[in-house]
Amino acid sequence: MCPDKTNRGVHGSWRRTPGSNRLAACVAAALALAACGGDEGSSNDPPYPDPRGGLVYSELAAPLQAYLATVNADQVPSSPALATNIVLGADFYGGQPRIITANYGFDGYMGVPGLVGTGSEARMAAQIHNVAWQDLDPDLGAPARAYYSAVGVAAFRALYGVDVLLADTIPVVFSHPVLPASVSPEAFRVTLNDGRTVTPVTASFIPNLEYNERQTVVLTGYWGNRVAPGQPGAEYPTRVDVVDADTPMMFVTPQGLVPAAGLGIESGNPYVPGNGPRMVAAKLNLYSGLGEGGPQSQPNSAANSGEDLYGEQAEYRVRIYTSAGFSPDGIASIRPDDYGRFFLLKARDRSGNVVELAEVDKSYAIDGYGTVRVVGLADTGLRQERYDAGYVEDHDNQYDVILSGDLAAMARIFEVRLPSSGAYAAVYNPGGSGNQPAANPPGAVFTVPSQDHGVAVTDDLAAASFVSYVEIDGAVARDPATGQPQGRLLGAAITDTKTGYTVNAYEDPAGKRFFASFPVSPAR
């Protein structure tokens, strides 16, 4: 028998029993009940997951919606503007917060002198400073990001409010979203191969700008070059740690706010063969638009969701979480129609046979469970009538494979692969050599491509492993004993009737309103 409503997880959805596919069991039980003439009203089957549901906003959500509209309209394209505590429908991966990867990103691409626009002077600056340049048809009218992935001095200052010169990066990929106002460079320590430690110059969510994407923090500073390890003069990071800071960095989890200090991980070198970018996790959910979008000043992130690109065809989503931004060559963007160029989903039918979901817009029969159709990729860039070499995506750490079909068939998806060879192209992080490697400066070294690998797809159809926390009136009171937000429960503000995932409205002792999907400390 399927579990009843007393066996609910933190989001009001039933838990899966270890070693079994509870979703398939519930489908089978429902079919058996119908065959026996059972009455639907007498069943103890849980109401979730329900593909027919959707997001329901109560009147308590009105202040939140107004606040988000104001933030979206008013924010300028800058890192400090992202330090507002807005985490909404954000994925988490696993139970205990951890660093999944914190690999050296690339050398010398942040704060490049003379790199402004796409003219001959900018191209000369790229040549001088070992920055790859994309060969594009000028008639495309492509923006600067389509020509190079580096950031000029003036552009970096405008985004981050500080100056750097030929600085390096490290994307720190966490399992859980980070409380935005708690992010600071001082919360990180980078250890170099010679034993020295350095503090980053900046720590920012850019380019992970959407409200459900606050799991990756990108560090900028000085910690490496492109000399191969073991060679004279080689310098590179070997470890990244989260340390105590004046403002302690915190995770947003289903249990509340959790300190991040004390976590650490070894750092890989992207200039060493075999250390190309990787998928680090994948999660299957009923599609939800909660937390999609962000500041309108960043249009490639503001309207790139499955719903934005595919409308009602966006029924399910496999979110792929990556160790770095992906690119076909280090500069070019992955486009909404690129699924079959890079990715391969696999499912199992009732006989145990593997069904490879290789093509877009083809219905694949998963024997015994129904059909699955790959609609396309999302969390890329804006929808266009035609995608060409001038297309620019958001270059963050998430890609969504949008799906349609039958619920039971979706639950049979078990793996996503990045084959990276043969009929499939490899991907690079943004330090790759571009589409014309021979035109790059002689002797310049660029980051290496991905290799064939896969990750398991977590069936999260019922569990809805998301977290939310939004302060709309500024910082709220914290319980001195627990450190958790403190407030009086006002009621449910947002409910996803597909899964039962709920975001509640609260008011702290001073009357400040906030919203959370986890239990907060009661007002005293």
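Student: Which residue in S11 stands opposite Phe188?

Tutor: Happy to start there, and keep in mind that this is a predicted model. Strand S7 covers residues 188-192 and strand S11 covers residues 237-242. The two strands run antiparallel and are joined by five bridges. Opposite Phe188 in S11 stands Val242.

Student: And which residue in S11 stands opposite Arg189?

Tutor: Let's stay with the antiparallel strands S7 and S11. Arg189 also has a partner across from it in S11. That partner is Asp241.

Student: Is S7 largely enclosed by the rest of the structure or largely open, and why?

Tutor: Here a cut-off helps: a residue counts as buried when its relative accessible area is under 20%. Four of the five residues of S7 are buried by that test. Because of this, strand S7 is largely enclosed by the rest of the structure.

Student: What is the order of the strands in the open sheet?

Tutor: Strands of a sheet pair through backbone hydrogen bonds, either parallel or antiparallel. In this sheet of four strands, the pairing is antiparallel. The order is S8-S7-S11-S14.

Student: Which strands stand at the edges of that sheet?

Tutor: Look for strands that have a single partner strand, so that one side is left without a neighbour in the sheet. Two strands fit, one at 197-198 and the other at 264-266. They are S8 and S14.

Student: Which residue takes a positive phi in the hairpin of S7 and S8?

Tutor: S7 and S8 pair in the antiparallel sense over two bridges, and Thr191 stands opposite Thr197 in S8. Four residues lie between the strands of this hairpin. The residue with a positive phi, near 95°, is Gly195.

Student: What volume does the largest cavity have?

Tutor: Rolling a probe the size of a water molecule over the atoms shows where empty space is left. The structure holds three cavities of 30 Å³ or more. For the largest cavity, the volume is about 110 Å³.

Student: How many charged residues are in the lining of the largest cavity?

Tutor: There are 15 lining residues, and those closest to the centre are Asn103, Tyr104, Asn275, Ala324 and Asn429. The lining divides into six nonpolar and nine polar residues. As for charged residues, there are none.

Student: How many charged residues are in the lining of the second largest cavity?

Tutor: This cavity holds about 70 Å³ of space. Its lining includes Leu55, Asn212, Arg317 and Asp496. Alongside four nonpolar and three polar residues, the number of charged residues is two.

Methods: Residues are numbered from 1 along each chain as its sequence is written. This is a predicted model: local features need pLDDT of at least 70, side-chain atom pairs count only at pLDDT 80 or more; totals for chains, interfaces and linings use all residues. Side-chain values use heavy atoms; hydrogens and water are left out. Two strands pair if DSSP finds at least two bridges between them. Buried means under 20% relative accessible area, exposed over 50%, partly exposed in between (1.4 Å probe, protein chains only). On a 1 Å grid over the protein atoms alone, a cavity is a set of points where a 1.4 Å probe fits but cannot get out, and a pocket is an open set with protein on both sides within 12 Å along at least five of seven lines; lining residues have an atom within 4 Å of a point. Grid points are joined across faces, edges and corners, and a volume is the space filled by probe spheres set on the points. Ala, Val, Leu, Ile, Met, Phe, Trp, Tyr, Cys and Pro count as nonpolar, Asp, Glu, Lys and Arg as charged, and the others, Gly among them, as polar.
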